[in-house]
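Me: I've got a model open and want to talk through how it's put together. Can we go piece by piece?

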Amino acid sequence: MAHVPPTSASSIARFLQVPLCGEDLTVDQVNSLATAGPGALVFLQKYSEAQGQALNRLRGIFVLADPTSVGLLTCSHVVVADPRLAFARVAQRFFEPPAPQGIAPTAQVSPEARIGRHVSIGHFTVIDADVEIGDDTEIADHVVIRSRTRIGKRGVIRSHAVIGESGFGFDFDEQVPVRIPHFGGVILGDDVQIGCGTIISCATLDDTVIEDHVKIDNLVVVAHNCFIGRGTIVTGGAVLCGRARIGSHAWIGANSTIREGGVQVGEGALVGLGAVVLASIEPRHV
């Protein structure tokens, strides 16, 4: 159970642009169905008789319900096409605490970095010169952002992420590894999220590019010169080797690996849990 600043059921209904069914309650908690109590906001993804009866016995709850619930709930509720999505939007709008703003006293931010408006930078974070951070971006604690990195608006960079360090690139001289210097940058679009402990390497010569609305989970490795298209999801532990190209609106499963050398994952494709992708995948394939 999470207690939140109170709002009203009618305010939520107006925000979702749907009619309120039942009493206009004060809502000050977000709950699961199993722990709901007075003042709770819950969502019912698909109606079942058992869940409906249980909800109808509770007093003072407000339910985001799916269309199969029409005429079956007596508690205060609204009917929406996708209750889980509606819950996410309502929680963001009314209940999620605002990100702290300003630069923590322990952060080390180069005076030559270009920092937008309403940006928050957490404790012990390091930001080099020649870094650009867009408005309303939230950067957590212990983050490292190196030179030649561009971050768009409304980004979220979770703790211990590293963006713009040199990647793992070597050639060989009589079987002795020779490091290839990396001179490129990193470009993150607007509304990009980078998870805890994730590494985004700079490109060798050009840029590693992550387009708008990409969401990257914790402990992901994105190597040099990768490209990730708009709206793609990359889940925990995935490894994108050098020059991998991921199309827009793809889904990269947890602990999967995309081979180096320009392997392409097409638009809307799905890479499953633990998959090893050695050759390119056509759009919308699994």
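Me: Let's kick off with the open sheet of nine strands: what order do they come in?
Reply: Keep in mind that this is a predicted model. The pairing in this nine-stranded open sheet is parallel. Reading across, the order is 7-10-13-16-21-24-27-30-33.

Me: Which strands stand at the edges of that sheet?
Reply: Look for strands that have a single partner strand, so that one side lacks a neighbour in the sheet. Two strands fit that, covering 108–109 and 276–277. They are strand 7 and strand 33.

Me: And which residue in strand 10 is the bridge partner of Gln108?
Reply: Strand 7 runs parallel to strand 10 (residues 126–127), and two bridges join them. For Gln108, the bridge partner in strand 10 is Val126.

Me: There's also an open sheet of eight strands. Which strands are at its edges?
Reply: The order here is 8-11-14-19-22-25-28-31, again given with parallel pairing. Residues 114–115 and 264–265 make up the edge strands, each with a single partner, so one side of each has no neighbour in the sheet. Those are strand 8 and strand 31.

Me: Inside that sheet, what's the bridge partner of Ile228 in strand 28?
Reply: Strand 25 (residues 227–228) and strand 28 (residues 245–246) run parallel and are joined by two bridges. In strand 28, Ile228 has as its bridge partner Ile246.

Me: Over to helix 1: within what arc do its buried residues fall?
Reply: Helix 1 spans residues 9–16, and its buried residues are Ala9, Ser10, Ile12, Ala13 and Leu16. An α-helix has 3.6 residues a turn, so residues three or four places apart point the same way. Seen down the axis of helix 1, the buried residues line one face, because they fall within an arc of 160 degrees.

Me: Which residue with a positive phi follows helix 1?
Reply: Its phi is near 60 degrees. The residue that follows helix 1 is Gln17.

Me: How many disulfides does a search of the whole structure find?
Reply: Take Cys75: the nearest cysteine sulfur belongs to Cys21 and is 9.9 Å away, whereas a disulfide needs the sulfurs within 2.5 Å. Cys202 is in no disulfide either, with the sulfur of Cys226 nearest at 12 Å. For the whole structure, the search gives zero.

Me: Is Cys202 buried or exposed?
Reply: The cut-off for buried is under 20% relative accessible area. Cys75 has 8% and is buried. Cys202 has 1% relative accessibility, so it counts as buried.

Note on methods. Residues are numbered from 1 along each chain as its sequence is written. This is a predicted model: local features need pLDDT of at least 70, side-chain atom pairs count only at pLDDT 80 or more; totals for chains, interfaces and linings use all residues. Side-chain values use heavy atoms; hydrogens and water are left out. Two strands pair if DSSP finds at least two bridges between them. Helices (H or I, at least four residues) and strands (E, at least two) are DSSP runs, numbered from the N terminus. Buried means under 20% relative accessible area, exposed over 50%, partly exposed in between (1.4 Å probe, protein chains only). The arc is that of the directions from the helix axis to the C-beta atoms.
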